[in-house]
Amino acid sequence: MLNEFSRTQLIYGKEAMDKLRASRVAVFGIGGVGGYTVEALVRSGIGALDIIDDDKVCLTNINRQIIATRKTIGKYKVDVAEERIHDISPECRVRTYKTFYLPETQELFDFSEYDYVVDAIDTVTGKLTIIENAKKFNVPVISAMGAGNKTDPTRFEVADIYDTSICPLAKVMRRECRKKGIDSLKVVYSREKAIKPQEDMSISCRQHCVCPPGTVRKCTERRDIPGSTAFVPSVVGLIIAGEVINDLVK
């Protein structure tokens, strides 16, 4: 019967589509990278998604995040994403978590339930905890390295963490994975050297913060507020989704 995934089935076949429909994928972080990963996963026929992010849509997200529009500003990203998922695939089973993933919140998640895990967050401690838990339960995991301050989407590639170079985040992750005895990790990274963002106070969050009172983890707490484009994080997210789908249907 004709359905929203018929064109995908022409590529993979019915058995593979049944497997995708039976799979549950967890996406940690649904910003510029993770939002596009979720978009592609649901459009590929994944049957269940756990989406994890404590953030709300901000005006400054509109330039790169697929869930960010003028209408969604101020709403929790996971709520906006859940509504979008069900607009695309009403039968997709979605669990939302309005939390930031850290060692202190890891007990909220049962990694044994997942068929694949996507790490699209930007803190090393959280990334390592996600990876350790995925490895503990023998769940495939893919991790996004730095996408901020980059302008060339063609430079991103899939590699093992120990085969990466140039990317500062990948360098830190290599060191920490080695310390923790993690012998392999699939990542998406770029060899493009990051551009140092301009500190233009006329458009800077440091001078014009629009976060509501009580917001935790404001971007202004960073040493540098990263610049971004519409076409780099999206490409990273789509590469990750492609890896997830192709691995699941093997």
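This report describes the cores, salt bridges, surface patch and some local backbone features of one predicted model.

Residues are numbered from 1 along each chain as its sequence is written, and side-chain values use heavy atoms, with hydrogens and water left out. Because the model is predicted, local features need pLDDT of at least 70 and side-chain atom pairs count only at pLDDT 80 or more, while totals for chains, interfaces and linings use all residues.

**Nonpolar cores**

A nonpolar core is a set of buried Ala, Val, Leu, Ile, Met, Phe, Trp, Tyr and Cys residues joined through side-chain atoms within 4.5 Å. Buried stands for under 20% relative accessible area, exposed for over 50%, and partly exposed for values in between (1.4 Å probe, protein chains only). Helices (H or I, at least four residues) and strands (E, at least two) are DSSP runs numbered from the N terminus.

The largest nonpolar core has 39 residues, and those with the most contacts inside it are Val25, Leu41, Leu49, Ile240 and Val244. Two or more residues of this core come from each of helix H2 (14-21), strand E1 (24-28), helix H3 (32-43), E2, H4, strand E4 (116-119), strand E5 (141-144) and helix H8 (233-248). H8 gives the most, with six residues. Another core, of 28 residues, lies apart from this one; among its members are Tyr97, Leu128, Ile161 and Leu185.

For Leu49, contacts (heavy atoms within 4.5 Å) were listed without neighbours within four places in sequence. Its partners are Arg24, Val25, Val27, Val38, Leu41, Val42, Ile85, Cys92, Arg93, Val94 and Arg95.

**Salt bridges**

A salt bridge is a side-chain nitrogen of Lys or Arg within 4 Å of a carboxyl oxygen of Asp or Glu. By this rule the count comes to 17 salt bridges. Three of them are tabulated here.

| Pair | N to O distance |
|---|---|
| Asp50 and Arg95 | 3.0 Å |
| Arg95 and Glu113 | 2.6 Å |
| Asp119 and Lys127 | 2.9 Å |

The bridge between Asp50 and Arg95 links distant parts of the chain, with Asp50 in strand E2 and Arg95 in strand E3 (residues 93-97), 45 residues apart. Asp50 has 0% relative accessibility and therefore counts as buried. Arg95, at 28% relative accessibility, counts as partly exposed. In the second bridge, Arg95 lies in strand E3 and Glu113 in the loop between E3 and E4, so the pair ties together parts that are 18 residues apart in sequence. Glu113 is partly exposed, because its relative accessible area is 39%. Arg24, Asp50, Arg95 and Glu113 are linked in a network of salt bridges. In the third pair of the table, both Asp119 and Lys127 are buried.

**Surface patch and the loop between E2 and H4**

Patches are made of residues with over 30% relative accessible area and no salt bridge; like charges are joined within 9 Å, and nonpolar side chains (Val, Leu, Ile, Met, Phe, Trp, Tyr) within 5 Å. Accessible areas come from the Shrake-Rupley method with a 1.4 Å probe, and for residues only the protein chains shown count as cover.

Leu59, Ile62, Ile73 and Val210 form a nonpolar patch on the surface, with about 290 Å² of accessible area together. Ile73 is found in the loop between strand E2 (48-52) and helix H4 (77-88). Ile73 has a relative accessibility of 33% and so counts as partly exposed.

Thr72 also lies in the loop between E2 and H4, but Thr72 is buried, with a relative accessible area of 11%. Leaving aside neighbours within four places in sequence, Thr72 is in contact with Val57, Ile67 and Val80. Thr72 and Leu59 are 13 residues apart in sequence and 9.2 Å apart in space, C-alpha to C-alpha.

**Polar contacts to backbone nitrogen**

A polar contact is a pair of N or O atoms within 3.5 Å; within protein, one must be able to donate a hydrogen and the other to accept it, and residues adjacent in sequence count only if both atoms are side-chain atoms. A polar atom of the Thr72 side chain lies 2.9 Å from the backbone nitrogen of Thr69. For Ser6, a polar side-chain atom lies 2.8 Å from the backbone nitrogen of Asn3. Ser6 lies in helix H1 (residues 6-12) and is buried, with a relative accessible area of 15%.

**Positive phi**

Most residues other than glycine have a negative phi. Asn149 has a positive phi of about 60° although it is not a glycine. Asn149 is placed in the loop between E5 and strand E6 (156-160) and counts as buried at 17% relative accessibility. Ile166 has a positive phi of about 70°. Ile166 lies in the loop between E6 and helix H6 (168-179) and counts as partly exposed at 45% relative accessibility.
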